[in-house]
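Hi,

Here is the structure I promised to pass on. Have a look at it first, and then read on for my notes.

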Amino acid sequence: MSWEKSLIRIAGYDVEIRQKRLAEVVSRREAAEMRLVMLDAEVEAEHAFIRSEPIAGFHQDGYREGCKVRRIRILAEIDLILSEETGARDALAEAFEAQKKYEHVAEGMARRKVREAARRETAELDELGVRRAVRPPSPGA
């Protein structure tokens, strides 16, 4: 395997690793967002319960404060994960760029090899033509 192909393979592996990393970060963000939705649903269910059972309202203040704290923590976690996701997306884009550069260089080298082979062939044919032109004609011809 040529060094160009090895370099492209390594770059492809790097892209694959970064894609998996991004997928993991996105999965964590989605899980945190789902926890936030579940918390909101839980709060709404608690409000409905309190409306139906007024006596349960005595504990509402503590519950509400606990939910606020949980919501703030989840939102902070989502913000942190969003910044991590941005970094992972940037890293993936850089890896794709590097892979494309390597592929472009390899294609250019392959085209140069083809051109060089065609140039050598043309030179050999020209030399053969010159030899035949310089050679005296054979007596039987």
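To start with a small one: which residue does E65 form a salt bridge with, and how far apart are the closest N and O atoms? The partner is K68, and the closest N and O atoms are 3.8 Å apart. Both residues sit in helix α2, 3 residues apart, or about one turn of the helix. E65 is partly exposed, because its relative accessibility is 45%. K68 also counts as partly exposed, at 45% relative accessibility.

Before you go further, keep in mind that this is a predicted model.

**Salt bridges**

There are 18 salt bridges in the structure. One of them joins the side chains of E77 and R35, at 2.3 Å from N to O. This pair ties together distant parts of the chain, with E77 in helix α2, R35 in helix α1, and their positions 42 residues apart. As for how open the two are to the surroundings, E77 is partly exposed at 29% relative accessibility, and R35 is partly exposed at 37%.

Another one sits within a single helix: the side chains of E127 and R131 form a salt bridge, 2.3 Å from N to O. You'll find both of them in helix α2, 4 residues apart, which is about one turn of the helix. With a relative accessibility of 42%, E127 counts as partly exposed. R131 has a relative accessible area of 52%, so it is classed as exposed, the cut-off being over 50%. There is also a network to look at: R21, E24, R28 and E84 are joined by salt bridges that share partners.

**The nonpolar cores**

Next, the inside. The largest nonpolar core is made of 8 residues, namely V25, A32, L36, L39, C67, I74, I78 and I81. Helices α1 and α2 (60-134) are the elements that contribute two or more residues to this core. Apart from that core there is another one, of 6 residues, including V15, L22, A88 and A95.

I81 is a handy residue to click on here. If you leave aside its neighbours within four places in sequence, I81 is in contact with V25, R28, R29 and A32. Two of those names, V25 and A32, are also on the list for the largest core.

**A buried arginine**

R29 is the one I'd like you to look at next. This arginine lies in helix α1. Is R29 buried or exposed? R29 is buried, because its relative accessible area of 14% is under the 20% cut-off. So what does its side chain make a polar contact with? The answer is the side chain of E85, at 2.5 Å. Not counting residues up to four places away in sequence, R29 touches I81, L82 and E85.

**On the surface**

Finally, there is a nonpolar patch on the surface, formed by M34, V37 and M38. Together these residues have about 310 Å² of accessible area. M38 is part of helix α1 (residues 3-52), and M38 counts as exposed, with a relative accessible area of 53%.

That's what I have so far. Let me know what you make of it.

Cheers

Definitions and conventions
Residues are numbered from 1 along each chain as its sequence is written. This is a predicted model: local features need pLDDT of at least 70, side-chain atom pairs count only at pLDDT 80 or more; totals for chains, interfaces and linings use all residues. Side-chain values use heavy atoms; hydrogens and water are left out. Patches are made of residues with over 30% relative accessible area and no salt bridge: like charges are joined within 9 Å, nonpolar side chains (Val, Leu, Ile, Met, Phe, Trp, Tyr) within 5 Å. Accessible areas come from the Shrake-Rupley method with a 1.4 Å probe; for residues, only the protein chains shown count as cover. A salt bridge is a side-chain nitrogen of Lys or Arg within 4 Å of a carboxyl oxygen of Asp or Glu. Buried means under 20% relative accessible area, exposed over 50%, partly exposed in between (1.4 Å probe, protein chains only). A polar contact is a pair of N or O atoms within 3.5 Å; within protein, one must be able to donate a hydrogen and the other to accept it, and residues adjacent in sequence count only if both atoms are side-chain atoms. Contact means heavy atoms within 4.5 Å. A nonpolar core is a set of buried Ala, Val, Leu, Ile, Met, Phe, Trp, Tyr and Cys residues joined through side-chain atoms within 4.5 Å.
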